Amino acid sequence: MEPCPARLSGEFDRKLAQCCRPFMLGAQDMHATTKALPTVVRHVSARAASAILATIATTPEEVEKLRDAWSALPVTNIDADIDYFLTVVRNAKRVIRPHVVHIRRENQPDLMAVARIEQMPVTFRFGYRVLGQASLPTIVLAFDGILGARCREDEELVLYHLHQSLQSGEADLILMPNIDVDSTLHAAATAAVRGACRARAQRATRRWMAVIPDSLDEFLSERSAKTRSTLRRQDRQLRDQFGERMRLRRFDSHKEMDELCRDMEMVASRTYQRGLGVSFTGTPLALGLIDLCLRQGWHRTWMLYLDDRPVAFWTGTAYAGTFAIGTPGFDPDHARDSVGRYTMFRMIEDLCADSEISMLDYGQGEAEYKSAFGNHELKECDVLLAARRPKAMLVMLGFSMLSAVNNQSRRLVERSAWARKLKASWRRRIAESRKP
């Protein structure tokens, strides 16, 4: 990151205090307020007056008024795109309202926190078993949702304003999902809050990425000659077995949406992911996002048909040079035919031919294909922070204790072959029990 520019002059600060008092804390008020703020965030409050104006958009109409400022900031993740964000706000069941913090500064770039307030269930789990839930209003940051930050000082300024919303009672928790554990943002967020106001023992998960080369052969070049030969043989066997009865189709047009969703549902309804609640579901949110992304030219799905019946699909969104994969699906009756892997390779062939795509994001998780075909790994974890109020702190304490127990149990499972089989069996039973 670039070094932060110098702070604003004292003359400007004096003018700011006169003009923007309804939006900014005065010196005496700030001294009183910062006593309730977390340790590192207190240091930020002294320089928060360097902001020309800090406002919070709390309605879709107010968010729309930020469109010009938003478009001037670099957005690298589709989740932080203004249209994608508004689609989530309007269609997600748990969303209460937007909570977009916009910070304007003299002679410095704007900062923005793309967030929403949700009535979020904090689930207490032991393994896959749910022991209970507590529902709390939560400020949920979009993925890569801090825009314009060039250094840790910028990030701390944004965190300061998010924490103020906690202290004012607008929410009880802040959730910052999928934060790179080696980033300055993770360091700033975890240093800002100590004690029972931060979730502990949060397990880092791996996100696998892959650089998109010019061809599928180049993509597979890092695999052994034996592996490449096996993959090609499996492709030939599938073609030989089904011949003209096999058809691949790519969906990327809005006029195809009804057919796309119908065929995705036919496959997804048969997958184990449906039981775990992570496959295509046809909810208003899922349909709203597909509708938006097809209209914007972001959405692509590759669907494999055997005898005109859909049996596998890979889906995702192209945004800012990265193709982010959604949850794929394949008919378990054709698992031995490797229909899922065949469809994935056709997707990669298309991406290799697209000069605007340079990176493939497999997303988080331990699925075998992610580590097998990814060549770059990030470690990420959620950062969950609580207000200094009894209920929020008690929820955080219980969540942290169970996280520590689950982490220890997971380590035991990873060292034991029979425990891994038990985990897989448990996962399958839960998936089956949740299917409609």
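In this predicted model, one helix pair makes a good starting point: Arg-152, Glu-155, Glu-156, Leu-159 and His-163 on the α7 side sit in contact with Thr-184, Leu-185, Ala-187, Ala-188, Ala-189, Ala-191 and Ala-192 on the α8 side. Sorted by character, the residues of this contact come out as seven nonpolar, two polar and three charged. Helix α7 covers residues 152–167 and helix α8 covers residues 184–192, and their axes come within 9 Å of each other, crossing at roughly 45°. That angle falls outside the parallel, antiparallel and perpendicular ranges, so the two helices count as oblique to each other. As for handedness, the crossing of α7 past α8 is right-handed.

How much of α8 is buried? Seven of its nine residues are, so the helix is largely enclosed by the rest of the structure. The buried set is made up of Leu-185, His-186, Ala-188, Ala-189, Thr-190, Ala-191 and Ala-192. Several of these turn up again in the contact with α7, among them Leu-185, Ala-188 and Ala-189.

Moving along the chain, Ala-210 belongs to strand β7, which spans residues 205–211. With a relative accessibility of 0%, Ala-210 counts as buried, since the cut-off is under 20%. Which residues does Ala-210 touch, leaving aside those up to four places away in sequence? The list is Phe-219, Ser-358, Met-359, Leu-360, Tyr-362, Phe-373, Gly-374 and Asn-375. Asp-361 is worth a mention too: 151 residues separate it from Ala-210 in sequence, yet the two C-alpha atoms are 6.6 Å apart in space.

Now for the protein as a whole. Its secondary structure adds up to 17 helices and 14 strands. There are 436 residues, and 49% of them count as buried. Among contacts with a separation of 6 or more, 73% link residues that are 24 or more positions apart.

Confidence is the last topic. The average pLDDT is 84, and 81% of the residues score at least 70. Residues 1–37, though, have pLDDT below 50, and the model gives this stretch 55 contacts beyond near neighbours in sequence. Residues 39–43 also stay under 50, with 11 contacts beyond four places in sequence. Predicted coordinates should not be read in detail where pLDDT is low.

Definitions and conventions:
Residues numbered from 1 in each chain as written. Predicted model: local features only at pLDDT ≥ 70, side-chain atom pairs only at ≥ 80, totals over all residues. Heavy atoms only, no water. Axes fitted to C-alpha atoms, helices over the stretch in contact; angles between N-to-C directions. Helix = DSSP H or I, 4+ residues; strand = E, 2+ residues; numbered from the N terminus. Parallel < 35°, antiparallel > 145°, perpendicular 65-115°, else oblique. Left-handed = near helix turned anticlockwise from the far one by under 90°. Contact = heavy atoms within 4.5 Å. Nonpolar A, V, L, I, M, F, W, Y, C, P; charged D, E, K, R; others polar. pLDDT = per-residue confidence, 0-100. Buried < 20%, exposed > 50% of the residue type's maximum accessible area, 1.4 Å probe, protein only.
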